[in-house]
Amino acid sequence: MQVRNLWPTPLACESIQLPEVMRTQLIDVLLRKDTERQAAIEADPDFHRFMTTKKFYASTHYNLFAEAEEHPEREAILAFEQFACVKFRQFLEAAYGIDKDQGVELAGRCFGNVQLPGARTFPHYHQSCDGVLIHYLDIGEGRDPEANLTPRHGTHALLLLDPRGTPNYPWWEKVESITPTQGLTVIHPAYVWHETNVWRGTGTRVCIVVNFQVIRPGYLSLHQPLRG
Ligand SMILES: [Fe+2]
């Protein structure tokens, strides 16, 4: 009997402390982006209506890497872009054996996820990309009274669902739960369905996220803008 385990799902977790100046500058720019979003919502009722139709998730529709030159935190943003690319390339090699000789070219979008107590991230995929990097810049303070009652109860735990759909024996656990710490860096394929528990500590939780596309090699490198 020949047995092959097909289509495993790689997940990378690493604790990485960014230089403190870089970390605080990234928090500053992401908090400012979040404040601008709130102001836009309050200033324009039509914009708010548009958002509530769920056609548009305004909190994530920007690319911090593309607008780096517009911010006083430019150096921190560019340094994080380099950091994220190094980490994603390490992930590609460790997970799939794709090394630098294969000429991988990356595209991506960077954005923040800022949450106050009581907030959570609802279940989602990251559409139209290949991989996701999440770095926890600040996890606030305080402790959820239910934290660690089970592996799924961690304060603001990141919950990743088994992508196999209907796992049964011998897979008892359908959810992988990761408790955030400052500096935690998680990389996972974009197709993994995930969400978070409610943030029930105090202070503001700030994540910085990168959606990666491998634009070469692969099918994307064959696409071009059409003439029609
Ligand atoms: Fe996500």
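These notebook entries record what I looked up in a predicted model.

**Entry 1. The five-strand sheet**

I began with the sheet of five strands, which is open and has the order 1-6-3-8-2 with antiparallel pairing. I then asked which strands stand at its edges. They are strand 1 (12-15) and strand 2 (105-115); each has a single partner strand, so one side of each is left without a neighbour in the sheet. From one strand to the next, the twist averages 15 degrees.

I next followed strand 2 to its partner. Strand 2 and strand 8 (residues 202-216) run antiparallel and are joined by eleven bridges. For a single pair to locate in the viewer, I noted Gly-108, whose bridge partner in strand 8 is Phe-212.

**Entry 2. The three-strand sheet**

I turned to an open sheet formed by three strands in the order 5-4-7, where the pairing is antiparallel. Its edge strands are strand 5 (175-178) and strand 7 (194-196), each of which pairs on one side only. Neighbouring strands here are turned against each other by 20 degrees on average, direction ignored.

How many bridges link strand 4 to strand 7? I found three bridges between strand 4 (residues 158-161) and strand 7, in the antiparallel sense. Within this pairing, Leu-159 stands opposite Glu-195 of strand 7. I also checked Leu-159 against Glu-176, which is found in strand 5. The two residues are 17 apart along the chain, and their C-alpha atoms are separated by 5.7 Å.

**Entry 3. Thr-196**

I looked up Thr-196, which belongs to strand 7. Is this residue buried or exposed? Thr-196 has a relative accessible area of 5% and therefore counts as buried, the cut-off for this class being under 20%. Its side chain reaches the backbone nitrogen of Thr-121 at 2.9 Å.

**Entry 4. The second largest pocket**

I recorded a volume of about 340 Å³ for the second largest pocket. Its lining comprises 18 residues, and those nearest the centre are Thr-9, Leu-161, Asp-162, Pro-163 and Glu-176. Strand 4, strand 5 and strand 6 (184-189) are the elements that give two or more residues to this lining. By class, I noted eleven nonpolar, two polar and five charged residues in the lining.

Glu-176 thus appears again, as one of the residues nearest the pocket centre. I checked its accessibility: at 43%, Glu-176 counts as partly exposed, because the value falls between the limits of 20% and 50%.

**Entry 5. Cis peptide bonds**

I looked up two cis peptide bonds. One joins Tyr-169 and Pro-170, with omega at about 5 degrees; Pro-170 is placed in the loop between strand 4 and strand 5. Another joins Arg-216 and Pro-217, with omega at about -5 degrees; Pro-217 is placed in the segment after strand 8.

**Entry 6. Positive phi**

I closed with two residues that are not glycine but have a positive phi. Trp-7 shows a phi of about 55 degrees and lies in the segment before strand 1. Its relative accessible area is 74%, so Trp-7 is exposed.

Where is Ser-128 found? I located Ser-128 in the loop between strand 2 and strand 3 (131-141). Ser-128 has a positive phi of about 60 degrees, and with a relative accessible area of 66% this residue is exposed.

Key: Residues are numbered from 1 along each chain as its sequence is written. This is a predicted model: local features need pLDDT of at least 70, side-chain atom pairs count only at pLDDT 80 or more; totals for chains, interfaces and linings use all residues. Side-chain values use heavy atoms; hydrogens and water are left out. Two strands pair if DSSP finds at least two bridges between them. Helices (H or I, at least four residues) and strands (E, at least two) are DSSP runs, numbered from the N terminus. Axes are lines fitted to C-alpha atoms, for helices over the stretch in contact, and angles run from 0 to 180 degrees between N-to-C directions. On a 1 Å grid over the protein atoms alone, a cavity is a set of points where a 1.4 Å probe fits but cannot get out, and a pocket is an open set with protein on both sides within 12 Å along at least five of seven lines; lining residues have an atom within 4 Å of a point. Grid points are joined across faces, edges and corners, and a volume is the space filled by probe spheres set on the points. Ala, Val, Leu, Ile, Met, Phe, Trp, Tyr, Cys and Pro count as nonpolar, Asp, Glu, Lys and Arg as charged, and the others, Gly among them, as polar. Buried means under 20% relative accessible area, exposed over 50%, partly exposed in between (1.4 Å probe, protein chains only). A polar contact is a pair of N or O atoms within 3.5 Å; within protein, one must be able to donate a hydrogen and the other to accept it, and residues adjacent in sequence count only if both atoms are side-chain atoms.
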